[in-house]
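Biologist: Could you take me on a close look at the aromatic rings of this model, please? Once we have been through them, I would be glad to hear about the strands and helices too.

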Amino acid sequence: MSDPLILYGVPHSLFTGKTRAYLRKQGIAYVERTPADARFAKIVRVIGRGIIPVVVTPNHHVLQDTVDILDHFEEQGVRLSARPPGPRQRVLAHITELYAVVGLTRHAMHYRWSYLDEQRAFLMDAFAGGAGVDLAARTMARMQSYLPTLGVVPETIPAIETSYLTLLDLLERHFANHPYLFGGQASLGDYGLLGPLFAHLGRDPVPADLMRRRAPKVARWVERMNAPDGDMPEYGDRPAGFLSDDAVPQTLEPLFRHMAEELFPELTDKAVWLRRFVEEANPEKGAPVTDKPQQRIIGSVETRFRDVPFASGFQPYMLYLWQRVTDVVDGLAAGDQTSVRDWLGTVGLLPLLDARRSIRVERRDYIERWGERLA
């Protein structure tokens, strides 16, 4: 018998939740272990840093980062591809993947750590699982320390909470008519959203209660995404698969307009900051984007969230996700590019394609590295 596929992660991890749901939906059998497992030390030596999720395939190939993990299986061939074939749906799925990291991580971390007193027992139990109370306390304190770089400060918190309620309402209207973003099958965008909407916002007591009370269909979607099948009986005879003819439901227009309002001006400001950084630092192609593998932030950018100023940490990984959007568009036929640009223009997302970025970020040997300079 071959070795089983191993998923190293924890129940309360945002990115583990995305990977776990994907493996379930694809019918890929796996065994889940926590990083406290003694065998994880060997994995850390391979990937160079202690980070989850990590997947070890039956032939001992190590995969790290949810994007790389899902791409690996998509390219191997799965029963329910998360890549919509239509150009608009495909691009919007990647934009959602980007928004889930750049935008929703802020909401997820706020509701987890700003309400710590109300859910301390739950979180302590989660973080102590297999690692002990002392290590859990240190890890929790470190996680809380990340809030300012994500833009979670007293001045932005009212805007963050208003934004999240709006997001729940927009998703609730969409899921009243569709089981997933683009019809009867989960896309990369669904898996991207699930990370924060399950591990933090759908499990932690305070935001989970808010979701169930205000947006029961969103809570039901979280359940559906974690099911091993389509799990959509309430939609009657709705066929599985993505909507035909690259259709984009009208209920997604206000949702993507909401995303645009939260991705910008932050991404525009970060593109300007990046140009200055590249001119001054002159990073070498192939060099790691940070001095240490566990370091994620290389600077601070003055920007705004919902018209509230704050200082945002610059993570090169954001560029890696952003260029996935533009790479898909660049690879489309001219007519499809026009169709995509026209749709993005109606919701304010054209800056994703037109903002000038001065360098690419690639991933090799489990870390982000500087890529080609861009004109």
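Modeller: With pleasure; I will begin with the rings and then go on to the strands and helices.

This is a predicted model, in which local features need pLDDT of at least 70 and side-chain atom pairs count only at pLDDT 80 or more, while totals for chains, interfaces and linings use all residues. Residues are numbered from 1 along each chain as its sequence is written, and side-chain values use heavy atoms, with hydrogens and water left out.

Searching the whole structure gives 12 aromatic pairs (rings of Phe, Tyr and Trp, the last by its six-membered ring, with centres within 6.5 Å; stacked if the planes are under 30 degrees apart, edge-to-face if over 60, tilted for the rest). W273 and F277 are stacked, because their ring centres are 5.4 Å apart and their planes meet at 10°. These two residues belong to helix 14 (residues 266–281), where they are four residues apart, about one turn of the helix. Helices (H or I, at least four residues) and strands (E, at least two) are DSSP runs, numbered from the N terminus. Both W273 and F277 are buried, that is, under 20% relative accessible area, where over 50% would be exposed and anything in between partly exposed (1.4 Å probe, protein chains only).

F277 also pairs with W370, this time in a tilted arrangement, at 5.7 Å centre to centre with 35° between the planes. Since F277 lies in helix 14 and W370 in strand 10 (residues 367–373), the pair ties together parts that are 93 residues apart in sequence. W370 is buried, as is F277. Ring pairs join W273, F277, W370 and F314 into a cluster.

Two other rings have arginines over them (CZ of Arg, or NZ of Lys, within 6 Å of the ring centre and within 35 degrees of the ring normal). R357 has its charged end over the ring of W322, 5.1 Å from the centre, and R296 lies over the face of Y317, 5.6 Å from the ring centre.

Back at W370, we can follow its strand. Strand 10 pairs with strand 9 (residues 359–364) in the antiparallel sense, over five bridges; pairing takes at least two DSSP bridges. One bridge partnership is that of E362 with R369 in strand 10. The two strands form a hairpin with two residues between them, and D365 in the turn has a positive phi of about 55°.

Elsewhere, four strands make an open sheet in the order 2-1-3-4, with mixed pairing. Its edge strands are strand 2 and strand 4 (62–64), each pairing on one side only. Strand 1 (residues 5–8) and strand 2 (residues 30–33) run parallel, paired over four bridges, with I6 opposite V31 in strand 2.

Finally, consider helix 12 (residues 216–225): seven of its 10 residues are buried, so this helix is largely enclosed by the rest of the structure. Among the buried ones are R220, W221 and R224. The cover over the buried residues of helix 12 includes helix 1, helix 9 (157–175), helix 10 (188–199) and helix 11 (205–214), where contact means heavy atoms within 4.5 Å.
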